[in-house]
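Student: Got a minute to go through this one with me? I'd like to talk about pockets, cavities and charge pairs.

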Amino acid sequence: MTTAVKVQLGLAAAMFAAAPWVINAAPYEATMGLVYKIYFFHMPSAWMFLLGAIVAGVASGRFLFGKRQASDATAVAAAELAVVFGLLALVTGPLWARKAWGVWWVWDARLTSSLLVFLIFVAYLLLRRFGGPGADKLSAGLALFGMANVPFIYVSVNYWRTLHPKTSVVPTLPVSMGIPLWFCVFAFLLLFLALLSLRATLERQRARVDALYLSLDEA
Amino acid sequence: MTAFLRVAALVVRKDLTVEVRSLEVVATTLFFAVTVVLIFAFGFVREGLAVEGVAAAILWITVAFSGTLALGRTFERERQADTLRALLLAPADRPAIYAGKLAGMLLLMALVEAVLVPLIGLLFQAPILAAPLRLAALLAAGTLGFAAIGTLFAAMLVRARSRDVLLPVLLYPMTVPVMIAGVRGTAALFQAEPDLDLAQFWTALLVFFDAVFVTLALWTFEPLMTD
């Protein structure tokens, strides 16, 4: 574990410990009251989910076309994080929706497209786990296609249904709500970066051990 | 360009020759498609009449299911005889081989759809002749999008373990835009008063989808199929 990762992890842990007080200090929202405060964890999770998806797609492209072995480890780490944070977003979302909209799930554009991108990354992990030899390359292709698919999923689902608030709400938030929000986004980002570099390092070491085993067999 | 087309045409001819001799994929896929439609009929027909508005969904789900089956079978045949390796060893452009495989797949799926659409018109009282050209355009665009991704994924999964289950697992989330656009567009055409503008919007989206994913597949086929 490098010093940078230790600092990131420590800072993220401190921020998450402080988060309940920061969120508690934010005022109640006019129509939803206390319930909306899940937003402070929901939205950062969703953003980290998207960030993970983008990092995985870009790293896969670099692996596939640039033959950079190191990028493959980054792609795996980012895809796993996309699934973890995607799951967080998909669990906190319905909890909030139940109170705000009265139902657990609606087939709204943003929910549906998040679910689909989440499924693509679950498929990515399944392919990696059960694909056998050569699965690293295949899953890189999948991640690349998944990334190219995001706008199509979004447009098609958008014309299909829409209910979720637009992202443009963020700049219009009052400062008293904005500070806790950005605090949480930053905490999630630190956690994301720390986990990304830890997992990528682990993956690189695993690949190296595999390569050593193979060369030992041949010797 | 001519060399590209020639290689693609040769691959199509090879696949057609193999298929015509055995009819394995065509016969099983056609029968499978008819069975799927019947299963849907038992799910959606009440009092002798189909629930309103299900015809479009049944059509596209059946296309996706039978397409997956055909993709799996086509490449399983290449794997068993190890002929895909021979094909890839041939001194030809890899993208041209992909294009040939895709064209063969499209021919097969067009054949299945030629049986499927009248069958659904017959069993679910869908007005398939209300706007036949637009329906054909929508089907063609949707099938191309599905087959473009499907052919690439099936080809790259040839060497993978548990490929049978992985193909639909990878293919269905990826082709959801095709399903949504196909079902919504077809439903717009199947209404009592066909909504041509809406169908055209979904067809346009599909054409755009096709352009992006055919390009991306041609571009990634080479690195994905190289050991």
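Tutor: Sure. One term before we start: buried means under 20% relative accessible area, exposed means over 50%, and partly exposed is in between. Keep in mind too that this is a predicted model.

Student: OK, let me try that out. Is A:Glu80 buried or partly exposed?

Tutor: A:Glu80 has 26% relative accessibility, so A:Glu80 counts as partly exposed.

Student: And which side chain does A:Glu80 meet in a salt bridge?

Tutor: That of A:Arg199, at 2.6 Å from N to O. A:Arg199 sits in helix α7 of chain A and A:Glu80 in helix α3 of chain A, so the pair ties together parts 119 residues apart in sequence. A:Arg199 is partly exposed as well, with a relative accessible area of 21%.

Student: Which residues are in one network with A:Glu80 and A:Arg199 through shared salt-bridge partners?

Tutor: A:Glu203, A:Arg206 and A:Asp210 are joined with them.

Student: How many salt bridges are there over all chains?

Tutor: The count comes to 15.

Student: Let's go to chain B. What does B:Arg77 pair with?

Tutor: B:Arg77 meets B:Glu19 in a salt bridge, 3.0 Å from N to O. B:Arg77 lies in helix α3 of chain B and B:Glu19 in helix α1 (residues 2–22) of chain B, so this pair ties together parts that are 58 residues apart in sequence.

Student: Is B:Glu19 buried or exposed?

Tutor: Buried, at 8% relative accessibility. Its partner B:Arg77 is partly exposed, with a relative accessible area of 21%.

Student: And what about B:Lys101, which residue does that one form a salt bridge with?

Tutor: B:Glu78, with the closest N and O atoms 2.5 Å apart. That pair links distant parts of the chain, with B:Lys101 in helix α5 of chain B and B:Glu78 in helix α3 of chain B, 23 residues apart. Both B:Lys101 and B:Glu78 are buried.

Student: Switching to empty space. How many cavities of 30 Å³ or more does a search of the whole structure find?

Tutor: Three. The largest cavity has a volume of about 50 Å³.

Student: What lines the largest cavity?

Tutor: Residues of chain B, including B:Thr29, B:Val63, B:Leu108, B:Met109 and B:Glu113. Helices α3 (55–80) and α5 (94–124) of chain B each supply at least two lining residues, and α5(B) has the largest share, with five. By type, the lining divides into six nonpolar, three polar and one charged.

Student: Now the pockets. What's the volume of the second largest pocket?

Tutor: About 650 Å³. The elements that give two or more residues to its lining are α3 (69–100), α4 (109–130), α5 (135–160) and α7 (175–218) of chain A. The largest share, eight residues, comes from α7(A).

Student: Which residues lie nearest the centre of the second largest pocket?

Tutor: Of the 23 lining residues, those are A:Arg128, A:Asp136, A:Glu203, A:Arg206 and A:Asp210. A:Glu203, A:Arg206 and A:Asp210 also belong to the salt-bridge network from before. The whole lining divides into nine nonpolar, three polar and 11 charged residues.

Student: Last one. Which residues make the nonpolar surface patch?

Tutor: A:Leu50, A:Ile54, A:Val58 and A:Met147, covering about 320 Å². Helix α2 (residues 39–66) of chain A gives the most, with three residues, while A:Met147 has its place in helix α5 of chain A. A:Met147 is partly exposed, with a relative accessible area of 30%.

Note on methods. Residues are numbered from 1 along each chain as its sequence is written. Chains are lettered from A and ligands numbered from 1 in the order in which they are written. This is a predicted model: local features need pLDDT of at least 70, side-chain atom pairs count only at pLDDT 80 or more; totals for chains, interfaces and linings use all residues. Side-chain values use heavy atoms; hydrogens and water are left out. On a 1 Å grid over the protein atoms alone, a cavity is a set of points where a 1.4 Å probe fits but cannot get out, and a pocket is an open set with protein on both sides within 12 Å along at least five of seven lines; lining residues have an atom within 4 Å of a point. Grid points are joined across faces, edges and corners, and a volume is the space filled by probe spheres set on the points. Helices (H or I, at least four residues) and strands (E, at least two) are DSSP runs, numbered from the N terminus. Ala, Val, Leu, Ile, Met, Phe, Trp, Tyr, Cys and Pro count as nonpolar, Asp, Glu, Lys and Arg as charged, and the others, Gly among them, as polar. Patches are made of residues with over 30% relative accessible area and no salt bridge: like charges are joined within 9 Å, nonpolar side chains (Val, Leu, Ile, Met, Phe, Trp, Tyr) within 5 Å. Accessible areas come from the Shrake-Rupley method with a 1.4 Å probe; for residues, only the protein chains shown count as cover. A salt bridge is a side-chain nitrogen of Lys or Arg within 4 Å of a carboxyl oxygen of Asp or Glu. Buried means under 20% relative accessible area, exposed over 50%, partly exposed in between (1.4 Å probe, protein chains only).
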